[in-house]
Amino acid sequence: MSNTDLATATGTRARTGATALADAVARTGCTHVFALMGDGNMHLLLALEEHGVGVVEVRHESAAVAMAEGYTWSAGRTGICSVTHGPGLTHVATSLVVAARNRTALVVIAAETPTGYQGAQAFDQASFAASCEAVYRPMGPGEAPEDALAEALAVARDVSRPVVLGVAADLLTSPAAGPRTGRGPAAPPHRAGSPSAEDDAVAADRLARLLTDAQRPVLIAGRGAAGSHAPDLLRTLADHLGAGLATTLPAKGMFDGHPLDLGIAGGLAHPAAERLLGSADLVVAFGAAMGRSTTQSRHLFAGAHVVKVVDEAPGAQPTRPPGDGGRTETLRGDATGTLRRTVSLTRALTGSRRPWFSPLGPSADCWQEDLRDFAPPLPDGTVDPRRAVAEISERLPEDAVVVISNGHCSGFAAAFVTVPARGRFFAAQGFGSIGQALTTAIGVALGAPDRKTVVFEGDAAFMMHVQELDTAARAGADLTVFVLNDQALGTEYQRLHRDGDNAGAAVVPSPGLAPLATAFGARSATVDAAGAGGAVEEALRPGLAVVDVRTARSVLSRHMRLPHTPNGRNGGTER
């Protein structure tokens, strides 16, 4: 008698790998699993729906991973997605590397080909996942799905990386083993370990002495310092020492409103902040990589001693191009633990100091200098992207979640969007790739359903995943997309134009984005002149909306106008 026949005869549902795994997912509290159905994972997706977990069927597997990452960011729990075997897994490559570079904990439940399979879709999935900087964790025959998922989630959280949980398709339809009793999941592989109290003490002692001796210190916070009490401790330390406060792009808005705030450090800094940052004699960074983008390839802090405090063991970070020629001092420590000790030690070593610079005021005010000093002509039917973004920013709900893209458009959004007072900010970058913002933002919106999610994306990047508007519509995402549309591959156009090459080769006109968005189920509008507040406010009503903002290619983002930025690039997000 088959499992199905037995279940029918007894009036109960047989415990298969799929039903056991779906029950385990439901017990995590995860409300949505992002997936594209294939023959390898179809039984799992059916079981998830039966267990009350919303399955968000995407149009491309890469979107499933990006949405799971966005969900992790906004929901505060580990995102989960599912793909089938073979090409179902290979399609997620870029989004998997992005999540790994962002140190995002998520789990991809990937089918493996059935036992004994020798067809076209057989390949080494473990090696593929490793090449994407993710951990691969196969579920073995006779292992309880609950135990496999629990360990995958524990590893993802422990090493702050994506974990691919490989489950052979035949195990999903076979009777499942019972969970372990009396023992927890096995110890996670590749565990780097957390910094010890001794690490924190050594780092704090070094920092206190450096900060006490410094005349013009700056404290920089990255995404790794966003949790716990680190932001408050950084404010306390800056107040005591009169130090400047700055952030990397992903931590944008952390110090908004503080009198010592300098905004974003690096190529995306406003002119006044850039001048001050360039005169610092000591720069201390917490939870930040301090690579090319934040240091302007070391030009910005050429005269400063740069120290970064990281929580990884040596060699734990993914390999990336060096941004400082190896001249940055690295200390190991937990941001909160090290800062607590540093605050205490500096108070003992020195009295309170006055700031070494005059407060600059809000970043939005400081960017007026750029608007005044760089004002190229605008072709008819286009707008200045800086002014357009600033106008949109003024109308954002105060609890909105903002997601920005990579590419040329990101320079405008990073500079001219003010993080809403009770809102949040995310940069859908991490690998220098375009095309991640829309898909990531859908996951963000579903992870924070009580807030409006607003995404700023470029036209070329938007067209890469425009089909996922259909996913957003079916899932009921409260999402507004502002497409900064210069009808070109913006970064490439500007580089070719600067170098005197054929910039026209990078002009790739998009179809009418407003009617296209309407066809996918979104409200839509086009902005091609100044003073479009009414269209912006309409787009920000609840529901799914897309605004085609026709921007002038004559306006370069400031980071591309910096003479010392290699190739005019910002290098993507650095945490």
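Thr-338 sits in helix H14, which spans residues 335-349. The model is predicted. Thr-338 is buried, at a relative accessible area of 0%. Its side chain makes a polar contact of 3.3 Å with the side chain of Asp-200. The points below cover Thr-338, a six-stranded sheet, Asp-478 in a loop, and two residues with positive phi, Glu-133 and Ser-160.

**Around Thr-338**
- Beyond its neighbours within four places in sequence, Thr-338 contacts Asp-200, Ala-203, Ala-204, Leu-207, Phe-286, Val-309 and Gly-333.
- Thr-338 counts as buried because its relative accessible area of 0% falls under the 20% cut-off.
- One of its contacts, Phe-286, is the bridge partner of Ala-221 and belongs to strand E10.

**The sheet**
- Six strands make an open sheet, ordered E9-E8-E7-E10-E11-E12, with parallel pairing.
- Strands E9 (261-264) and E12 (329-332) are the edges, each pairing on one side only.
- Neighbouring strands are turned against each other by 20° on average, direction ignored.
- Strands of a sheet pair through backbone hydrogen bonds, either parallel or antiparallel.
- E7 (residues 217-221) and E10 (residues 282-286) pair in the parallel sense over five bridges.
- In that pairing, Ala-221 is matched with Phe-286 of E10.
- Helix H10 (residues 197-213) packs on the sheet and touches E7, E10, E11 (305-310) and E12.
- The direction of H10 makes about 140° with that of E12.

**Asp-478**
- Asp-478 lies in the loop between helix H21 (468-475) and strand E16 (479-485).
- Asp-478 is buried because its relative accessibility, 18%, is under 20%.
- The side chains of Asp-478 and Lys-452 make a polar contact of 2.7 Å.
- Not counting residues up to four places away in sequence, Asp-478 touches Ala-445, Arg-451, Lys-452, Thr-453, Arg-541, Pro-542 and Gly-543.
- Asp-478 and Arg-137 are 341 residues apart in sequence, and their C-alpha atoms are 34 Å apart in space.

**Positive phi outside glycine**
- Glu-133 has a positive phi of about 65°, although it is not a glycine.
- Glu-133 is in the loop between helix H7 (125-131) and strand E5 (135-138).
- Ser-160 also is not a glycine, and its phi is positive, near 50°.
- Ser-160 is in the loop between helix H8 (145-159) and strand E6 (162-168).
- Ser-160 is buried, with a relative accessible area of 19%.

Key
Residues numbered from 1 in each chain as written. Predicted model: local features only at pLDDT ≥ 70, side-chain atom pairs only at ≥ 80, totals over all residues. Heavy atoms only, no water. Pairing = 2+ DSSP bridges. Helix = DSSP H or I, 4+ residues; strand = E, 2+ residues; numbered from the N terminus. Axes fitted to C-alpha atoms, helices over the stretch in contact; angles between N-to-C directions. Contact = heavy atoms within 4.5 Å. Buried < 20%, exposed > 50% of the residue type's maximum accessible area, 1.4 Å probe, protein only. Polar contact = N/O pair within 3.5 Å; in protein donor to acceptor, adjacent residues only side chain to side chain.
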